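This briefing concerns the charged side chains of one chain and the setting in which they pair. Please keep the sequence and the coordinates at hand while reading.

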Amino acid sequence: MNAFTLYGETFGSRLLLGTAAYPTTDVLRQAIAAAAPGMITVSLRRQTSGSETSGQSFWQLLQETGIPLLPNTAGCQSVQEAVTTAQMAREVFETDWIKLELIGDDDTLQPDVFQLVEAARILCNDGFKVLPYCTEDLIACRRLLDAGCQALMPWAAPIGTGLGVVHGYALRVLRERLPDTPLIVDAGLGLPSQAAQVMEWGYDGVLLNTAVSRAGDPVGMAQAFAWAVAAGHEAKQAGPVPPREQAQASTPTVGQPFWHSKDY
């Protein structure tokens with residue numbers, strides 16, 4: 001079963017899909033259909049930018065999918081800006097869900113974990129279901145949980161790079177030390193195999209945008225990532241064999257008609 005639960009709500013897929021930078025709205029529509037994500041992310045800035053006609057068309061597309069929306073605070077660089085954007089998004093999209101982004105560096109787009117904790121506390125107290133985009137730092141993640149977050153979204157690599165998992169050790173430690181917290185890898189993945197890997201480590205979900213929207217065939221890539229996320233989760237649930245340093249024959253030698261030895 002690929003469904004999972006966040007803040008008491010159950011979603012039919014462990015893949016979350018972004019809606020930015022697709023070549024056309026029709027390609028976006030097809031990619032969403034191919035991926036069948038549990039949620040789709042949308043920026044308040046994306047919804048309110050451009051002509052009135054294009055904005056209405058995009059909003060209509062989102063409504064037609066019937067998939068739960070996850071507004072984000074993309075581009076915010078201060079607590080007040082992030083909180084205000086979240087409150088506006090709640091009014092526009094009529095949801096308490098928010099992907100909290102609060103960027104501290106323009107080049108790496110690394111989250112400002114200090115301001116992030118403060119903004120998360122304000123929004124959680126205001127009734128939001130906050131999914132904070134954060135680093136893999138264990139202490140920062142614990143502070144976000146203390147602030148009221150019930151799930152976390154650590155990055156694999158900087159947004160849009162497609163580098164895959166840069167700090168695998170830290171992500172594995174985070175999973176091990178927060179065994180009961182839903183963890184969704186957000187940002188930096190470029191290939192379906194990388195999504196399968198983090199799911200095999202025990203992560204609960206994956207959020208993608210650039211890896212799909214900028215692919216040569218976004219629809220095909222959306223489908224591939226959906227399969228990879230599901231396969232990685234099923235593999236983890238099935239209990240992989242532990243790795244060994246020495247070879248071990250999978251076929252028993254007992255009962256073979258001939259036994260080869262150096263003395264034969």
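A residue is called buried under 20% relative accessible area, exposed over 50%, and partly exposed in between. With a relative accessible area of 40%, Asp 26 therefore counts as partly exposed. The model is predicted, and the chain in it has ten helices and ten strands.

**Overall picture**

- The C-alpha trace of the chain spans about 85 × 40 × 35 Å along its principal axes, and buried residues make up 48% of the 264 residues.
- The accessible surface of the chain comes to about 13,400 Å², and carbon and sulfur atoms account for 51% of that surface.
- Among contacts between residues at least 6 apart in sequence, 65% join residues that are at least 24 apart.
- The chain carries 17 positive and 27 negative side chains, and the centres of these two sets lie 6 Å apart.

**A salt bridge between two strands**

- The count of salt bridges comes to eight, and one of them joins the side chains of Lys 129 and Glu 9, with an N to O distance of 2.4 Å.
- Because Lys 129 lies in strand S7 (residues 129-134) and Glu 9 in strand S2 (residues 9-11), this pair ties together parts that are 120 residues apart in sequence.
- Glu 9 is partly exposed, its relative accessible area being 31%.

**Salt bridges within helices**

- Asp 26 forms a salt bridge with Arg 29, in which the closest N and O atoms are 3.4 Å apart.
- Both Asp 26 and Arg 29 belong to helix H1 (residues 25-35), where a spacing of three residues corresponds to about one turn of the helix.
- Arg 29, like its partner, is partly exposed: the relative accessibility is 36% for Arg 29 and 40% for Asp 26.
- A further salt bridge links the side chains of Arg 143 and Asp 146, at 3.9 Å from N to O.
- Arg 143 and Asp 146 are three residues apart in helix H6 (residues 138-146), so about one helical turn separates them.
- Arg 143 is partly exposed at 44% relative accessible area, whereas Asp 146, at 59%, is exposed.

**A shared network**

- Arg 90, Asp 96 and Asp 126 are joined into one network by salt bridges that share partners.

Note on methods: Residues are numbered from 1 along each chain as its sequence is written. This is a predicted model: local features need pLDDT of at least 70, side-chain atom pairs count only at pLDDT 80 or more; totals for chains, interfaces and linings use all residues. Side-chain values use heavy atoms; hydrogens and water are left out. A salt bridge is a side-chain nitrogen of Lys or Arg within 4 Å of a carboxyl oxygen of Asp or Glu. Helices (H or I, at least four residues) and strands (E, at least two) are DSSP runs, numbered from the N terminus. Buried means under 20% relative accessible area, exposed over 50%, partly exposed in between (1.4 Å probe, protein chains only). Contact means heavy atoms within 4.5 Å. Accessible areas come from the Shrake-Rupley method with a 1.4 Å probe; for residues, only the protein chains shown count as cover. Lys and Arg count as positive and Asp and Glu as negative; His and the chain ends are not counted. The place of a charge is taken as NZ of Lys, CZ of Arg, CG of Asp or CD of Glu.
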